[in-house]
Amino acid sequence: AFLHKVFRALKPGGWFYLSFFNTNFFHRVMHDFEGTRGDIGYRRLSLREVRGMLPKGVQVQKQSLMNIFNDARMDHIATALPFSSFVAPMAVIEGWRIE
């Protein structure tokens with residue numbers, strides 16, 4: 001419901017960048033999919049799950065992983081490697097509204 005509200009506010013041709021907590025190997029082993037840190041709740045999702053939640057009329061241009069390292073260059077290299085989704089704690093989907 002949240003994504004549908006957000007994308008209704010996005011004008012046709014408008015771009016979006018959506019970052020979220022990725023479900024990686026370590027979180028699967030620990031069964032840490034959702035919870036709270038302090039007063040902030042979280043839910044980890046896979047790229048496939050988030051893409052499935054996007055409303056019709058949205059075109060995904062790119063999806064990427066991030067935050068394996070705290071260094072942008074190392075992160076860029078690491079996320080290009082096969083199976084990086086098993087360790088990347090964050091993911092990003094970017095695209096635009098077509099309708």
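**Working chat: ring pairs, N22 and the core**

Reply: In this predicted model, W96 is partly exposed, with a relative accessible area of 23%.

Me: And W15, how accessible is that one?

Reply: W15 is also partly exposed, at a relative accessible area of 44%.

Me: How many aromatic pairs are there?

Reply: The count is five aromatic pairs. In one of them, the rings of W15 and W96 have centres 5.0 Å apart and planes at 55 degrees, so the pair is tilted. The pair links distant parts of the chain, with W15 in strand β1 and W96 in strand β5, 81 residues apart.

Me: What about F25 and F26, why edge-to-face?

Reply: Their planes stand at 75 degrees, and edge-to-face applies over 60. The ring centres of F25 and F26 are 5.7 Å apart. F25 is partly exposed at 44% relative accessibility, and F26 is partly exposed at 46%.

Me: Changing topic: where is N22, and is it buried or exposed?

Reply: N22 is in the loop between β1 (15–21) and α2 (25–29). It is buried, because its relative accessible area is 3%, under the 20% limit.

Me: Which backbone oxygen lies 3.2 Å from its side chain?

Reply: That of S85, which lies 3.2 Å from a polar side-chain atom of N22. N22 also touches residues farther along the sequence, including H27, R44, L65 and M90.

Me: R44 again: which ring does its charged end sit over?

Reply: The ring of F21, at 5.6 Å from the ring centre.

Me: Last one: which residues have the most contacts inside the largest nonpolar core?

Reply: F7, F16, L18, F20, L54 and I93, in a core of 16 residues. At least two core residues come from each of α1 (2–9), β1, α3 (47–53), β4 (58–66) and β5 (90–97).

How values were computed. Residues numbered from 1 in each chain as written. Predicted model: local features only at pLDDT ≥ 70, side-chain atom pairs only at ≥ 80, totals over all residues. Heavy atoms only, no water. Helix = DSSP H or I, 4+ residues; strand = E, 2+ residues; numbered from the N terminus. Buried < 20%, exposed > 50% of the residue type's maximum accessible area, 1.4 Å probe, protein only. Polar contact = N/O pair within 3.5 Å; in protein donor to acceptor, adjacent residues only side chain to side chain. Contact = heavy atoms within 4.5 Å. Core = buried A, V, L, I, M, F, W, Y, C linked by side-chain atoms within 4.5 Å. Phe/Tyr/Trp six-rings, centres within 6.5 Å; stacked < 30°, edge-to-face > 60°. Lys NZ or Arg CZ within 6 Å of the ring centre and 35° of its normal. Lists of a residue's contacts leave out its neighbours within four places in sequence.
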